[in-house]
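Thanks for coming. I have one structure to go through today, so please look at the screen.

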Amino acid sequence: MTLAIVLAADPAAGRLTEPGRPAGEPLTERLAAQWRRAGADDVRIAADLTELADLVAAATGPVLVSGADLVAHTAVLKHLATSPVGPTVALVLTDPPAPGQATVREERGQVVEVDAADASGVFGGALRVGAADLPALADAARRAAGGGPLGAVDRLVADLAARGTLIFAHRVRLLVAHRVGDEAQREAAEAAVAAVDEDRAELKLSVKERDDFFTTFFVSTWSPYVTKAAARIGIGPTGVTMVSVAFAVAAAVLFGTGGRPALVAGAVLLYLGFVLDCVDGQLARYTRHFSAWGGWLDTMADRFKEYVVYAGLGFGATHAGFRYGWALALAAMTLQTVRHMTDTWYGALHDEAARRPKVVSADAGGIGGKLNAASTRVQADTGSVSYWLKRTVVFPIGERWALSAIAAALFGPLVALVAVLVWGTLAFAYTGGLRTLRARWMRVPVLTTVDAGLHRDDGLLARTLPTARRPLLLAVLGALGAAGTLVWALLAVRGGGDLPVWVPVLALVLLLGAAQGSRAPHDGSLDWLVPAALRAAEYLFAIAVGVAGRAPAWLIFGYVLVLTLLHYDLTARLEKRQSAPPLHTATLGWPGRSLLLAIGLIAGYASIALATLGAYLLVVFVASVVLAWVVLPARARGGVRSPG
């Protein structure tokens, strides 16, 4: 149940009246009606902060708070109430601050300081507070009730931010929202609201404000029409996602079939699948149908679609006579997964750094500080050549899908895989190098703020081993051991021989050595690289086992694909701040899985080990998904209903 509270404590509440109503009736009634239309289940008008604190103390769900001086489209309030970025969100405007209004400073979408000297905006007089932050809100209201230079709602958000509450910023774009102090300002704001077509603006807002080059110019120019049509016929974001998956699978089949007509048709389907991949997010934003399930499904579906396409290209290249088509597909999948792990953890690092501005500002004259300043300038120069180059060189998903489609249609699956690998490797080197320099400058031990053992995917075996410090060094050694085993296995197989037993044993020892860093403090400036290094170690070791055991290439690909699903499940939950999957302990952890594969290789049953363990992990993954998104939510609701 969502409670909305209009705070009538500000002087503007008594001065501003609603046109057509009895003289002296405050504008608070209009805001209350707007909150109801925005989806609030219960709307109250609080005379002061003390009354607001009492209402918050009795609330059990999210609370929406606004002052009495806000004139805005109802859609602005609805967007704030349904914002998916975080549990607590504040409205931020670009208007010049008036007396009594709090200024704010933002970093990466977070409000890091209220009443700041170097402000990037002004508090918009409205915020949504998540259930977990309600005790802090009630306490802040009681403390702010004593008065001060700021208005009542501004004192409230300032005290809430001072407590360290994570507050995200919600900016107003295309729609209208203003805080007003007299009748003249109210009339001007009302005129501005009336001049904007609310529905048309909401459709434009469904498109991301900043996207990649290919998506911006070759998808978003017409995808809103598809979004509008989908909304009219009643199909939801999840339905669009499923159709997108079907298109990608069909494209993969056509890429594997070979022949110019099939390759061209596959490229067209892949493009249309990517359009629908954009439409599902646009539809969620347009209809405001957000859910944890939808966000999780979107993340998982994106990776599954991309890797199925790699499988189709790998099969097609092999079918066309290239011996190592599956190997290229495996390399592309492994590279992209490791890249995504670094993206996730660098994003977490940067978010944590944004909440510690004093740490970030240290050594601003060093190379990390200069790189950070240069990046900020380029990002601010929207639409410039340097801006688009920066967004394109990192090889985002739109460019990956476009390159795969065009290269496959014009030159075939082999060239498509090679192109993806070459650009992906260069992008990884570019982003990895710059981020490493900037991370050393930030000096933020991000892994100390999360469950490192969970997101390392260590499992029970790692927890039974002795603890060793320097987790990054251990992880890198493990990855090098796995890579060395793979190279040795390739040489042995090509020479017609077998892999000496001591080679995988030595690699396993190095891997288990990497597991010893599980419980060590991850407080180094580069320890955000640990999860990616561990992913690389496990994947390379699994591939080495398959190669040395002469397992079919498609089986090795399938096993690694299942591993990526497990790891992307963890990644999606980290990004959405969710708990571990219900059956996570049953996945054995990467050391346990590697140990079982090593035993299978030494016993001469590598293929059986890969197939059996892969099938087991897939069953556990599916069961975990059903438990997490169907069974447990249904029990919480007291009934059974599918997520959507």
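I will start with a single pair: the side chains of His 178 and Asp 95 make a polar contact, at 2.7 Å. Keep in mind that this is a predicted model.

Where does His 178 sit? It is in strand E10, which covers residues 177-179. Is His 178 buried, partly exposed or exposed? His 178 has a relative accessible area of 27%. Since buried means under 20% and exposed means over 50%, His 178 counts as partly exposed.

Asp 95 is one of several residues around this histidine. Setting aside neighbours within four places in sequence, His 178 is in contact with Asp 69, Leu 70, Val 71, Leu 93, Asp 95 and Ala 189. There is also a distance to Ala 72: the C-alpha atoms of His 178 and Ala 72 are 6.3 Å apart, although 106 residues separate the two along the chain.

The chain as a whole has a related figure. Take the contacts between residues at least 6 apart in sequence: 81% of them join residues at least 24 apart.

Next, some arginines. Arg 105 belongs to strand E6, residues 103-107. Its relative accessible area is 10%, so Arg 105 is buried. The side chain of Arg 105 has a polar contact of 3.5 Å with the side chain of Glu 107.

Arg 108 is in the loop between E6 and strand E7, the latter being 110-114. Arg 108 is partly exposed, at 44% relative accessibility. Its phi is near 50°, a positive value in a residue other than glycine.

Arg 470 also has a positive phi, near 60°. Arg 470 lies in the loop between helix H21 (459-464) and helix H22 (471-494). With a relative accessible area of 60%, Arg 470 is exposed.

Now the overall picture. The chain has 27 helices and 10 strands. Its radius of gyration is 27 Å, and the globule rule gives 26 Å for 644 residues, so the chain is as compact as a globular protein of that length. Along the principal axes, the C-alpha atoms fill a box of roughly 95 × 60 × 55 Å.

Of the 644 residues, 53% count as buried. The accessible surface is about 26800 Å², and carbon and sulfur atoms account for 63% of that.

Last, charge. There are 58 positive and 51 negative side chains, and the centres of the two sets lie 8 Å apart.

That is what I have. Questions are welcome.

Technical notes
Residues are numbered from 1 along each chain as its sequence is written. This is a predicted model: local features need pLDDT of at least 70, side-chain atom pairs count only at pLDDT 80 or more; totals for chains, interfaces and linings use all residues. Side-chain values use heavy atoms; hydrogens and water are left out. Helices (H or I, at least four residues) and strands (E, at least two) are DSSP runs, numbered from the N terminus. The radius of gyration is taken over C-alpha atoms; the globule rule is 2.2 Å times the number of residues to the power 0.38. Buried means under 20% relative accessible area, exposed over 50%, partly exposed in between (1.4 Å probe, protein chains only). Contact means heavy atoms within 4.5 Å. Accessible areas come from the Shrake-Rupley method with a 1.4 Å probe; for residues, only the protein chains shown count as cover. Lys and Arg count as positive and Asp and Glu as negative; His and the chain ends are not counted. The place of a charge is taken as NZ of Lys, CZ of Arg, CG of Asp or CD of Glu. A polar contact is a pair of N or O atoms within 3.5 Å; within protein, one must be able to donate a hydrogen and the other to accept it, and residues adjacent in sequence count only if both atoms are side-chain atoms.
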